[in-house]
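Colleague: I have this model open on my screen and would like a close look at one part of it. Could you pick a spot and walk me through what surrounds it?

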Amino acid sequence: MKKAGIFKKTLILVLVLVVPGFLYYLLTSQGKNRYKPLPIFGSKQIANTFHQVKGKNVPDTIYHTLSDFNLTDQMGKPVSLKSFDHKIFVADFFYTHCPTVCNIVNANIRQLASEYEKNAMVYFVSITVDPKKDSVTALKQYASVIDTSKKWVFLTGDTSTIYSLAHKGFLVDALQRGDNDFIYSDKLVLIDQNKRIRGYYTGASTTEVARLDDEIKVLISEELRKNDTPLY
């Protein structure tokens, strides 16, 4: 009986020591793009401040970040960029009466959102490019039909805010060319906790969505290390 207790305690100790290290190894060494930091997209500027690297002063870099916005979700609640403070999120543009590709993209997002349902760091955001038709009521009905995760919000607002956010913030296309005719990006955009763009992924491609899944995990690992958060 005593030996069994000692064995159990030893096994727990081994798991505590080995499993986190193994997970860290998987995140940083195995698979495409898991072993290196993700790129940062958008314009870059050299700052007047410096940081030390091996005893040398290296200029800091100011990266493109999203500007704040004010939109409304499918429950009628106001949502701004501050709503995602200290969060990683994936954003895309769509409209509820989109005939084809949106259904494929949203099926892929639904699968990802389900995977990260219990992860407090990760959220998903879909922004309509047709706010005139996609009211709060329309978005709520749409979300109920596709059975979305609580981690996935749908946003509407005024056209000028949404199109400016797409062009100047997420650096993707979004415009209305005619009645029920919209030009918008099919990309899923990965945003880190500093509001920087870290990746673009074709939302209808299972291969690209799998890469997004991998790189969300890379960002999570990056944030945990940066904040010195224990992995166990």
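Modeller: Happy to! Let's start at Ser-185, which lies in the loop between strand 9 and strand 10 (187-191). Please keep in mind that this is a predicted model. Ser-185 has a relative accessibility of 12%, so it counts as buried, the cut-off being under 20%. Its side chain reaches the backbone nitrogen of Lys-187 at 3.0 Å. If you set aside the neighbours within four places in sequence, Ser-185 is in contact with Phe-93, Val-172 and Asp-173.

Phe-93 is a good residue to follow from here. It is among the residues with the most contacts inside the largest nonpolar core, a group that also includes Phe-89, Phe-124, Ile-127, Phe-170, Leu-190 and Ile-216. That core has 58 residues, and helix 5 (residues 206-226) gives the most to it, with 7 residues. Ile-127 is worth a click too: not counting residues up to four places away in sequence, it touches Phe-93 and Phe-94, along with Leu-71, Asp-92, Leu-155, Ile-162, Leu-165 and Phe-170.

Now for the aromatic rings, of which a search of the whole structure finds 11 pairs. One of these joins Tyr-95 and Phe-182: the ring centres are 4.9 Å apart and the planes meet at 45 degrees, so the pair is tilted. Tyr-95 sits in the loop between strand 5 (88-94) and helix 2 (101-115), while Phe-182 belongs to strand 9 (residues 181-184), so this pair links distant parts of the chain, 87 residues apart. Tyr-95 is buried, with a relative accessible area of 7%, and Phe-182 is buried as well, at 9%.

Another pair is made by Tyr-142 and Phe-154, and this one is edge-to-face, with 5.8 Å from centre to centre and 80 degrees between the planes. Because Tyr-142 lies in helix 3 (residues 136-146) and Phe-154 in strand 7 (residues 152-156), the pair ties together parts that are 12 residues apart in sequence. Both Tyr-142 and Phe-154 are buried. Ring pairs also connect these two residues with Phe-94 and Trp-152 in a cluster, and Phe-94 is one of the residues that Ile-127 touches.

One last ring to look at is that of Tyr-123: the charged end of Lys-151 sits over it, 4.6 Å from the ring centre.

Terms used:
Residues numbered from 1 in each chain as written. Predicted model: local features only at pLDDT ≥ 70, side-chain atom pairs only at ≥ 80, totals over all residues. Heavy atoms only, no water. Core = buried A, V, L, I, M, F, W, Y, C linked by side-chain atoms within 4.5 Å. Buried < 20%, exposed > 50% of the residue type's maximum accessible area, 1.4 Å probe, protein only. Helix = DSSP H or I, 4+ residues; strand = E, 2+ residues; numbered from the N terminus. Contact = heavy atoms within 4.5 Å. Phe/Tyr/Trp six-rings, centres within 6.5 Å; stacked < 30°, edge-to-face > 60°. Lys NZ or Arg CZ within 6 Å of the ring centre and 35° of its normal. Polar contact = N/O pair within 3.5 Å; in protein donor to acceptor, adjacent residues only side chain to side chain.
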